[in-house]
Amino acid sequence: MVEQRIEEITRANLAFYAAFESLDMLQMDKVWAHLEYVTCIHPGWSLRSDWPAVRDSWVLIFNNTFSMKFELSDVQVQVAGDLGWVICTEHLTSRQDDQPVETRVLATNLFERIGDEWLMIHHHGSPVMG
């Protein structure tokens, strides 16, 4: 049972990064729980709480980015009941103008099992220096 849930959380996490790379809000809408207790902290941003504020943060990012590509490393997946989380390092290449920018971000993604779906309820990204 635990191994199956870890596989499900792993798939949910991959769906999140696919939505992120697509820069498509309809895809991002599908991976998040649309609830008042969802939260998001983007690198260098303040806390966003409640689905409308979290959604608006993704709209801002998507509207100001031409492309994003992720490679994940150091991926750790855990589950406890109806909560699952992924800690990983994002190796991100993004384009906001003509030049690509490469960064590393330490991310924590928290998912809740709602019905038969694992939906994101928290994302926190912290820049990795050096």
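Tutor: Two strands pair if DSSP finds at least two bridges between them, and the elements themselves are DSSP runs numbered from the N terminus, with helices (H or I) of at least four residues and strands (E) of at least two. This is a predicted model: local features need pLDDT of at least 70 and side-chain atom pairs count only at pLDDT 80 or more, while totals for chains, interfaces and linings use all residues. Residues are numbered from 1 along each chain as its sequence is written, and side-chain values use heavy atoms, leaving out hydrogens and water.

Student: Thanks! In what order do the six strands of the open sheet lie?

Tutor: The sheet is open, and its pairing is mixed. β2 (48–49) and β3 stand at the edges with a single partner strand each, so one side of each has no neighbour in the sheet. Going across, the order is β2-β1-β6-β5-β4-β3.

Student: How many bridges join β3 to β4?

Tutor: These two strands form a hairpin with two residues between them, and G81 in the turn has a positive phi of about 65°. S67 stands opposite R95 in β4. The strands run antiparallel, and the number of bridges joining them is twelve.

Student: Moving one strand on, which residue in β5 is the bridge partner of L92?

Tutor: β4 and β5 also form a hairpin, with four residues between them. Their pairing is antiparallel, over 13 bridges. Within it, L92 has as its partner in β5 T103.

Student: And which residue in β6 stands opposite C40?

Tutor: Here we look at β1 (residues 39–41), which pairs with β6 in the parallel sense over three bridges. Opposite C40 in β6 stands H123.

Student: Now the helix: how far does α1 reach from its first C-alpha to its last?

Tutor: α1 covers residues 2–22, or 21 residues. The expected span of a helix is 1.5 Å times one less than its number of residues. For α1 that expectation is 30 Å, and the helix comes close to it, reaching 30 Å.

Student: At what angle to β3 does α1 run?

Tutor: α1 lies across β3, β4, β5 and β6. Its buried residues (buried is under 20% relative accessible area, exposed over 50%, partly exposed in between, with a 1.4 Å probe and protein chains only) include I9, A12, F16 and F20. Those buried residues pack against α2 (25–31) and α3 (51–63) as well as β3, β4, β5 and β6. With axes fitted to C-alpha atoms, for helices over the stretch in contact (heavy atoms within 4.5 Å), and angles from 0 to 180 degrees between N-to-C directions, the angle to β3 is about 160°.

Student: Which element gives the largest share of the largest nonpolar core?

Tutor: A nonpolar core is a set of buried Ala, Val, Leu, Ile, Met, Phe, Trp, Tyr and Cys residues joined through side-chain atoms within 4.5 Å. The largest one has 32 residues, of which F16, F20, M28, W32, W58 and F62 touch the most other members. Two or more residues come from each of α1, α2, α3, β3, β4, β5 and β6. The largest share, six residues, comes from α1.

Student: How far apart in space are F16 and I121, C-alpha to C-alpha?

Tutor: F16 is found in helix α1 and is buried, with a relative accessible area of 0%. Leaving aside neighbours within four places in sequence, F16 is in contact with residues including M28, W32, W58 and H123, while W32 has contacts that include F16, W51, W58 and I121. In sequence F16 and I121 are 105 residues apart, but in space the distance is 11 Å.

Student: Is D74 buried or exposed?

Tutor: D74 lies in strand β3, and its phi is near 55°, positive in a residue other than glycine. D50, in the loop between β2 and α3, also has a positive phi, near 85°, and is partly exposed at 33% relative accessible area. D74 has 56% relative accessibility and counts as exposed.

Student: Lastly, which residues does the UniProt annotation "domain: SnoaL-like" cover?

Tutor: This annotation comes from an unreviewed UniProt entry; such positions are given in the numbering used here, feature names are shortened, and annotations may be inferred rather than shown by experiment. The annotated span is 28% helix and 49% strand, and its end C-alpha atoms lie 23 Å apart. The annotation covers residues 10–128.
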